[in-house]
Amino acid sequence: MSLKRSRQVVFAGAVSALALVAATAAASANQCSAYNQAPLLDQMSGLPAVADRLPVNPLVVEGIEGIGTYGGEMTDVYAGTRIGDYRRYGYDPLVRWSPDGSEVLPNIAESWDISEDATTYTFKLREGLKWSDGKPFTAKDIQFWWDHIETNREINPKGPRKMFIVNGEEAKVEALDDTTIRFSWSQPNGVFLLDMASPYGQRVVQFAEHYVKDFMKELNPDGVAKMMADAGEADFGKWWLGRIGTYGKNAEHNDPDRPTMLAWRPTEAVLGKERFTFERNPYYWKVDSSCNQLPYIDKRTWVLAKDPEVALLKTVQGEIDISPRNISTPPNRAVFFDNKERGNYRLVTANSCNYNNAQFMFAMNHPDPVKAQVFQSKDFRIGLSLGMDRDLIIDAVYLGQGEPYQVSPRPESPYYNDQLARQYTEFDPDLAAEHLDKILPMGPDGKRVGPDGKPFKFIVHVNEGFRPDWVDMMQIIAKDWQELGLDVVVSVASDEIHMATLGRADKEITIWVGENGCGQFPLVNLERLTNFKEHGNWEGWDAWHDLKKDANATVREGVVPTEPPAGVKRMYEIADLVPTKVGDEQTALMEEFMQLSADNFLSMGIALPGGGFRSISNKLRNVPDTLLEGWLYPGPAPVNFSSFYIDPYKK
């Protein structure tokens with residue numbers, strides 16, 4: 001017996017304020033006898049009729065304000081890292097989230113079939129899909145991605161992403177025919193559909209075999225050897241990632257000849273450009289209910305702004321059509337409000353799926369044994385948490401929006417744990433000092449010393465480019481900690497420099513947004529609810545756990561496998577077990593995980609986010625008045641940017 005689905009309810013009531021009507025994607029077959037296309041495409045010679053470019057059953061998308069108007073240009077901003085970051089461009093996986101995040105809906109796949117034991121997922125693709133160059137998109141393209149890219153250790157040294165692995169067993173991926181692709185394991189993978197709707201599911205549909213095969217050395221050895229020689233690169237994996245790229249890297253959009261399934265496609269190389277434009281994909285596979293091929297908007301233009309202040313200025317001056325998330329923060333709300341008329345934009349609500357404005361992660365396996373000992377001390381982490389004035393931070397930095405909160409699923413999630421969410425959030429310097437005294441006694445000069453008796457200094461790494469508010473937040477926190485005798489250095493860096501720092505083993509305390517905390521999203525977010533591997537250093541513990549599961553697991557050079565504490569070991573075990581279970585058994589494991597997280601207090605947070613908003617150009621229409629922000633739910637992308645349009649009468 002199996003479960004046939006053309007839509008899957010994942011959680012109900014997670015965002016009650018956001019109605020499902022916003023850009024709802026209809027799963028039923030389109031009944032159009034003829035189709036319309038953008039006037040821009042009328043000018044393209046040799047282009048097949050629109051009906052011949054669409055699949056047999058196009059996806060029908062209805063905008064919040066109804067049928068749109070063709071034409072126009074939407075201008076966006078990026079900081080020089082990932083273009084659109086999936087939240088604004090690049091989100092069109094096999095299945096997608098509904099606008100309110102409550103359901104998984106059809107997308108490139110028009111339906112799916114899940115075995116009752118959750119060991120097999122079979123996706124049915126829309127018949128007649130085409131890449132942006134007009135060549136057929138089939139299940140064979142997905143088979144190609146799996147066989148030559150995802151499992152290619154030169155490209156992905158650690159192997160396939162975790163979502164494709166169950167207890168060490170990689171997925172078996174089979175193209176059963178041109179429109180049917182199957183993923184299977186010998187054990188259940190109870191969260192795979194949620195994973196496939198996330199940005200990580202995008203990797204499945206990014207690689208056109210007929211084009212990318214020429215860049216695979218096992219398929220085109222002589223050609224690849226010449227291209228690598230011309231580029232002066234001897235490492236295939238490094239060359240390939242820079243030339244083709246995977247998972248949102250800008251190399252993916254740097255080749256205008258590379259086919260895509262997205263609504264807009266690049267027309268020139270983008271790397272190093274301060275301004276570039278993508279144009280509509282004439283083979284895009286979505287339509288509206290009046291049989292108009294989407295997207296409505298002809299062009300998407302991107303403007304480089306690495307400095308958040310520059311991005312803010314461009315936005316309030318009306319140069320940017322939708323404000324980026326890093327400047328759409330409570331501290332900037334007054335600036336946005338005061339400039340609405342000048343910038344010709346409106347403000348919409350952006351509810352958050354995030355569980356914290358800032359999550360602090362510790363280098364538990366720091367190469368300096370003294371720092372590792374201190375960071376592993378629960379008393380140290382409790383002392384830091386009790387020693388910061390969250391109420392002041394919320395009032396001064398976030399203008400009263402939010403409430404003191406730790407690293408925990410949001411209150412509306414079924415996995416909410418009150419102890420985990422609320423413990424150690426009060427400002428109590430005296431109690432903080434008691435905890436700190438147990439690991440960092442006070443020295444004669446009023447500064448704390450480490451277990452080795454020497455002055456102890458630590459660094460908090462802050463990404464100013466990603467979240468400028470963290471700089472103001474850390475000014476308050478650093479002052480509070482210094483009054484407790486702590487010697488803290490706040491290292492502020494641009495997004496580019498900070499992200500490079502994350503690759504260093506000697507990073508100390510890092511900050512990131514606490515993401516994916518609403519509804520069922522914690523099911524696929526256990527790593528971030530403990531330690532986001534790219535940010536905190538748990539490499540020794542990770543290696544120990546990996547080797548326990550597989551004696552032949554690859555351990556990065558210089559990493560010493562280190563047995564973690566008992567509670568952390570159990571959390572590793574649960575994180576491996578959760579995807580293999582369903583129903584009550586899975587729920588019980590999640591509850592145990594959250595209680596262990598509360599008992600061990602491995603990372604700390606500041607506040608539950610509140611007061612989110614976005615500025616939207618008044619000429620940009622079909623944008624819901626309430627958006628949902630997140631990462632595994634890559635808001636606002638699920639509201640379907642292809643349904644947005646430019647109103648020519650609201651310039």
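This report walks through cavities, a pocket, strands, a helix and a few single residues of one structure. The model is predicted.

## Enclosed spaces

Start with the empty space inside. Rolling a probe the size of a water molecule over the atoms shows where empty space is left. Across the whole structure, a search turns up 3 cavities of 30 Å³ or more. The largest cavity has a volume of about 230 Å³. Its lining is made of 19 residues, and Q206, E252, H253, T260 and L262 are the closest to its centre. Sorted by class, the lining of the largest cavity holds 8 nonpolar, 6 polar and 5 charged residues.

The second largest cavity encloses about 150 Å³. Here 17 residues form the lining, and those closest to the centre are G90, Y91, D92, W264 and F641. The lining of the second largest cavity counts 9 nonpolar, 3 polar and 5 charged residues.

## Strand β18 and its partners

Strand β18 covers residues 345-352. It pairs with strand β26 (residues 613-617) in the antiparallel sense, over 5 bridges. In this pair, V348 of β18 stands opposite R614 in β26.

Strand β18 also pairs with strand β28 (residues 626-629). These two run parallel, and 4 bridges join them. A350 has L627 in β28 as its bridge partner.

## The second largest pocket

The strands just described return here. The second largest pocket has about 490 Å³ of space. It is lined by 33 residues. Nearest its centre lie A350, S352, N354, P609 and E629. A350 is thus a link between two parts of the picture: it lies among the residues nearest the pocket centre, and it bridges to L627 in β28.

Which elements give two or more residues to this lining? They are β18, β19 (356-362), β26 and β28. The largest share comes from β18, with 4 residues. By class, the pocket lining has 12 nonpolar, 13 polar and 8 charged residues.

## A five-stranded sheet

Strand β19 belongs to an open sheet of 5 strands. The order is β22-β21-β23-β19-β24, and the pairing is mixed. β22 (487-493) and β24 (604-605) stand at the edges. Each has a single partner strand, so one side of each is left without a neighbour in the sheet.

At one of these edges, β22 runs parallel to strand β21 (residues 457-463). The two are joined by 7 bridges. V460 stands opposite V490 in β22.

## A strand enclosed by the rest

Strand β5 covers residues 73-78. How many of its 6 residues are buried? The count is 5, so β5 is largely enclosed by the rest of the structure. Strand β17 (residues 299-304) runs parallel to β5, and 6 bridges join the two. M74 has R300 in β17 as its bridge partner.

## The buried side of helix α7

Helix α7 spans residues 236-243. Its buried residues are F236, G237, W239 and W240. These cover an arc of only 165° around the axis, which puts them on the same side of α7. An α-helix has 3.6 residues a turn, so residues three or four places apart point the same way.

What do the buried residues of α7 pack against? They pack against three helices: α3 (139-150), α5 (209-212) and α6 (221-231).

## Two buried residues

V370 sits in helix α11 (residues 369-375). Is V370 buried or exposed? Its relative accessibility is 18%, and buried means under 20%, so V370 counts as buried. Leaving aside residues up to four places away in sequence, V370 touches P451, D452 and F456. One of these, D452, is 82 residues from V370 in sequence. In space, the two are 7.1 Å apart, C-alpha to C-alpha.

T119 has its place in a loop, between β8 (109-115) and β9 (120-125). It counts as buried because its relative accessibility is 9%. Which residues does T119 touch, not counting those up to four places away in sequence? They are F183, S184, W185, S186, Q187 and P188.

Terms used: Residues numbered from 1 in each chain as written. Predicted model: local features only at pLDDT ≥ 70, side-chain atom pairs only at ≥ 80, totals over all residues. Heavy atoms only, no water. 1 Å grid on protein atoms, 1.4 Å probe; cavity = no way out; pocket = protein on both sides within 12 Å on 5 of 7 lines; lining within 4 Å. Points joined across faces, edges and corners; volume = space filled by probe spheres on them. Nonpolar A, V, L, I, M, F, W, Y, C, P; charged D, E, K, R; others polar. Pairing = 2+ DSSP bridges. Buried < 20%, exposed > 50% of the residue type's maximum accessible area, 1.4 Å probe, protein only. Arc of directions from axis to C-beta. Contact = heavy atoms within 4.5 Å.
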